[in-house]
Each structure stands twice: as C-alpha cells, then as structure tokens.
Amino acid sequence: MAWWIATRQKRDLLEVLTRDAYTEPVVRIPVGKRKVFLVSEPELIRRVFVDSRGIYPKSDLMRAALSPLVGEGVLVSDGETWEHDRHMLEPAFAHMRLEQVFPMMLDAVRDHAAHLHGLGHGVVIDLEEELSRVTADIMLRAIFSEPMSGPDAAEVFAAFMRYQRAAPQFDLDVILRSDPDDPEPTPPGVAEDADTVRRLIGRMVQKRHTALARGEAFVDFAQAAIDARNPYGAPLSQERLIDQLTVLFLAGHETSASALTWTLFMLGRQVGPLAALRQEVSDVLGDRPMAFNDAKALLWTRAIFREALRLYPPAGFLTRVALVDDMLGYTAIPRGSLVVVSPWLVHRHSALWRDADRFDPTRFAEGAPAPKPGTYIPFGMGPRVCTGAAIAQLEAQLILAEYLRRFDFDPAHPERVMPVSRVTIRPRGGVLCRVLHRERTPG
Ligand code: HEM
C-alpha cells in the first residue's frame with residue numbers, strides 16, 4: 001500500500017485518488033486492509049442509500065469517529081434503534097417549525113454581527129471560528145433557548161471547539177489505512193472533550209427538568225425531545241436524550257459553519273456573483289433586517305450557497321459497510337467491503353457536471369433545471385437524508401444577507417487555504433480574513 005500512496009501527489013483531502021475516481025462509476029481502491037469501493041454513479045448511489053438500506057448500514061468507521069460524542073444518536077445508529085428513535089423524534093421536531101426557529105437565528109446573527117462590528121475596521125479574524133460561534137449560538141438557542149452568552153452554552157461551545165480541532169482526520173487516506181480487526185482507539189484528549197460536551201449537555205437537560213418542575217414552559221428542540229413518546233407511551237431515556245440533543249448540536253452547527261466558511265472564502269474572489277448577491281439583498285430588504293418570508297425571494301443568495309455546497313460539501317465521505325455479497329452495476333461487492341459515497345467526488349465528477357471545478361451559481365439559479373437525482377447530495381439521500389436541510393438553507397441565506405451587506409471579508413493568504421476532512425471539511429489552520437466595514441450598516 002505504501003508504494004501506491006507514495007506515487008500519488010498529495011494535494012488535497014482526496015490526495016490518494018487517481019484521475020479515474022473523477023471519471024468512473026465505481027472504483028476499487030487496490031490497497032488497504034479491507035476492500036474499499038468508491039461509488040459515484042447516481043443509480044448505484046441510489047441503490048446504496050435508498051433501495052437497500054438494510055444491506056448498507058453506516059460503517060464501523062463512522063460510528064467509531066462520532067460515537068464518543070453522540071453515543072447512539074440518530075446520526076450513527078442503525079436498524080431498530082435508529083427506526084425507533086427517528087420515528088419518535090420526527091413528529092416532535094416537526095412542531096419546531098422554521099418560523100419558530102427563525103427569530104432565534106436572527107437574534108444570534110444580529111448579536112454576532114454587532115460583535116464583529118465592535119472588533120473594528122480591518123481587524124483580522126479567523127472566519128471559521130467566528131462562523132462556528134454564530135452557528136453554535138443559533139443551535140444552542142434552538143435546542144435550549146439559551147444564547148451562547150449563557151454560562152453552560154459558552155462551556156459547551158468551548159469544549160466542542162477543542163473536540164473539533166483535535167478530532168482525527170477522516171479522509172480517504174485514513175479510510176484506506178483502517179483495519180476492521182484492529183480499530184484505532186479514540187485519542188485520549190478527544191475522548192475527554194467529547195465527554196465534557198456530553199456532561200454539559202446533560203447538565204442543561206437537568207436544568208430544564210428543574211425549570212419544568214417550577215412550572216416554566218419552553219418551545220425548543222430540547223422540549224420537543226423531552227415530550228416525545230414512543231407508541232407505548234415511553235419517553236427517551238436520559239442517556240438517549242443526551243445522545244439525540246448532542247447529535248442536533250453537532251449536525252446542526254458544525255456542517256453549517258463549514259459550508260458558510262467556504263462560501264464566504266470563495267465569494268472573496270468572485271466579484272460578479274458577490275455584487276449580484278448584494279444587489280438582491282438591497283432590492284429585497286432595503287434597509288430592514290431579513291424576515292422569514294424574505295427567504296423565498298433571496299434566490300440568488302440561495303443559489304450561491306447551493307453552489308458552495310456542491311464544491312465544498314461539509315460531509316465529504318459517507319461510508320457504509322456491505323452486510324452481504326452484492327453487485328453494484330458490473331462490480332461485485334464482497335460482504336464486509338467498505339462502500340464510500342463521497343459528495344466531494346460526486347460533485348466534482350466530470351461525467352456528472354459540466355466544468356465541474358468551476359464556481360458557477362447559475363447552475364442553481366431560478367429556472368435552471370434541477371440536478372439529476374444522485375448527482376447533488378450535500379445532505380445525503382434516502383431514509384438517512386439530513387433532517388435539517390431546510391433549516392440549514394434558511395440559516396445560510398440569513399447569514400450571507402446580513403453579513404455581506406455589512407462587511408467585506410478579505411482573506412489574508414488565500415493561497416495557503418487547504419481543505420482537510422475532520423468531522424467536516426474544514427480549512428487546515430482556519431481562514432484568516434480582514435473584516436472591512438461597508439459604509440451603511442442596517443439596523
Ligand atoms: C449545510 C448544513 C448541513 C449539511 C451539509 C448536512 C449534511 C448531512 C448529511 C450528508 C447527512 C447524512 C449522513 C449520512 O448519510 O451518513 C446528515 C444527517 C443528519 N443531519 Fe444534517 N446537514 C446539515 C445541517 C443540519 C442541521 C441544521 C440539522 C439539524 C437542525 C441537521 C441534522 C441532521 C440529522 C439529525 C441527521 C441524521 C439523520 C438520520 O440519519 O436519521 N443537519 N446531514
């Protein structure tokens with residue numbers, strides 16, 4: 001295996017890939033302790049994600065990477081456990097309508113924009129850290145009705161940032177080196193940070209029970225999960241409740257922070273699309289803050305976000321394991337193989353996208369044909385598709401509109417920014433940016 005990897009040029013997080021991975025429907029990686037197949041043909045992706053769920057559960061690798069943090073949460077659980085919990089949570093979360101979450105988002109965004117403004121014109125920030133801060137604030141308000149300025153919420157964020165930065169890489173190199181019979185232990189520091197996040201979330205749940213006993217009432221995700229009952233009338237156990245709320249915190253902010261970091265970074269070099277976004281924001285909003293109903297009119301803003309999700313999908317690798325022998329097209333998949341669907345790869349595949357590497361938001365502009373099923377999968381596909389896609393899109397429109405009308409983000413060393421795949425695809429070492437205040441600051 002060493003010779004195979006050594007012959008590849010190491011340029012990005014798919015650094016061990018050959019050109020055929022970007023052109024062929026299924027590629028068997030000829031190295032590693034286990035059989036690994038990269039699947040990029042839309043019909044075959046559909047088979048893995050939609051038509052044969054029982055055959056391709058989430059992989060041991062994904063569970064090992066995330067379970068220290070989310071336990072048996074719906075992101076990593078499978079089979080009866082997943083079905084039970086997802087059915088239980090779905091109706092509960094449906095009560096948390098987008099309209100209810102939007103004012104919490106707006107409060108967090110306005111607080112954070114004021115914080116950025118207060119730093120002063122031309123100050124250098126780490127874009128990734130600042131966007132993690134605001135997206136975490138949004139999720140903490142949506143889950144616990146507690147802003148990040150609250151004592152517990154601030155601690156959760158600090159522990160999570162330590163966890164995120166220390167989490168082992170999760171890219172193709174790592175996938176290939178993995179040994180199913182000898183899984184790598186979680187590094188001690190990472191396990192400790194994951195424990196701290198869980199302990200703090202447990203404390204916030206405890207505080208909620210105390211407030212409920214005092215007769216207080218809440219409308220948020222934590223309350224929806226506490227009130228959820230299975231068909232026999234049983235609530236989630238305390239441990240499982242912490243699992244599911246930690247999933248929401250992780251899946252709900254880490255992905256959005258990654259996607260928005262890349263969007264703002266790319267827009268720094270895209271004069272035309274950025275000017276068109278600002279024009280749209282000015283036409284739709286004038287001088288007032290964005291309201292919930294504006295989302296359907298901010299179509300170019302949405303198109304830019306969707307294009308950024310194509311080029312930088314936060315979840316770069318979705319890994320499954322074959323429980324039985326199977327065929328994917330003409331390729332035999334032996335039992336135990338690791339089947340990898342990489343949104344990163346699919347979205348840059350030359351057979352699926354014209355000028356695949358070019359940033360071109362017109363692909364998603366009003367009136368453009370919808371991408372063919374299985375070619376655009378930033379939120380996954382099938383029964384395990386992301387439950388937060390609509391929230392993520394709304395949040396992105398709000399952040400892009402409110403920040404770009406106020407600020408320019410000028411990357412300090414764009415040539416040094418390199419993607420690395422950890423919990424999500426992040427810029428190695430962050431993105432240092434000068435924040436320049438624009439003249440008019442809306443209320
Ligand atoms: C840009 C933002 C986001 C992206 C790119 C994203 C992406 C994804 C992807 C790819 C999956 C499927 C993983 C797999 O098949 O292995 C997923 C699952 C999930 N996402 Fe998201 N997500 C985003 C935002 C959110 C938000 C805001 C929430 C919650 C408020 C959320 C909650 C979840 C949950 C609970 C699951 C697990 C679903 C299940 O398996 O039952 N996500 N997400």
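Which residues point one way from strand 4, and which the other way? Keep that in mind while I introduce the structure. What you see above is a predicted model, and I will go through a sheet, a helix and an iron site.

Back to strand 4. L318 and R320 point one way, while T319 and V321 point the other way. All four of these residues are buried. In a regular strand, side chains alternate between the two faces of the sheet.

Now the sheet itself. Four strands make up an open sheet, in the order 1-2-7-4, and their pairing is mixed. Strand 1, residues 26–29, and strand 4, residues 318–321, are at the edges. Each of them has a single partner strand, so one side of each has no neighbour in the sheet. On average, and ignoring direction, neighbouring strands here are turned by 25° against each other.

Take the two edge pairings in turn. Strand 1 runs antiparallel to strand 2, residues 36–39, and four bridges join them. As one example from this pair, V26 has V39 in strand 2 as its bridge partner. At the other edge, strand 4 pairs with strand 7, residues 338–341, also over four bridges and in the antiparallel sense. There, T319 has V340 in strand 7 as its bridge partner. T319 is one of the buried residues I listed at the start.

Next, helix 12. This helix covers residues 271–285, which is 15 residues. From its first C-alpha to its last it reaches 21 Å, close to the 21 Å expected at 1.5 Å a residue.

Which residues of helix 12 are buried? They are P273, L274, L277, R278, E280, V281 and L285. These residues cover an arc of only 160° around the axis, which means they sit on the same side of helix 12. The face turned away from that buried side carries the exposed residues V271 and D283.

What do the buried residues of helix 12 pack against? Their partners are helix 11 (238–267), helix 13 (299–311), helix 15 (389–404) and strand 8 (407–411). After helix 12 comes G286, which has a positive phi, near 60°.

Last, the iron site. Which residue is the only protein donor of the iron atom of the ligand? The donor is C386, through its SG atom, at 2.3 Å. As for its place in the chain, C386 lies in the loop between helix 14 (343–347) and helix 15. Helix 15 has come up already, as one of the elements that the buried residues of helix 12 pack against.

Terms used. Residues are numbered from 1 along each chain as its sequence is written. This is a predicted model: local features need pLDDT of at least 70, side-chain atom pairs count only at pLDDT 80 or more; totals for chains, interfaces and linings use all residues. Side-chain values use heavy atoms; hydrogens and water are left out. Helices (H or I, at least four residues) and strands (E, at least two) are DSSP runs, numbered from the N terminus. The expected span of a helix is 1.5 Å times one less than its number of residues. Buried means under 20% relative accessible area, exposed over 50%, partly exposed in between (1.4 Å probe, protein chains only). The arc is that of the directions from the helix axis to the C-beta atoms. Contact means heavy atoms within 4.5 Å. Two strands pair if DSSP finds at least two bridges between them. Axes are lines fitted to C-alpha atoms, for helices over the stretch in contact, and angles run from 0 to 180 degrees between N-to-C directions. Donors are N, O and S atoms within 2.8 Å of the metal (3.2 Å for Na, K and Ca); water is not among the atoms, so sites may look incomplete.
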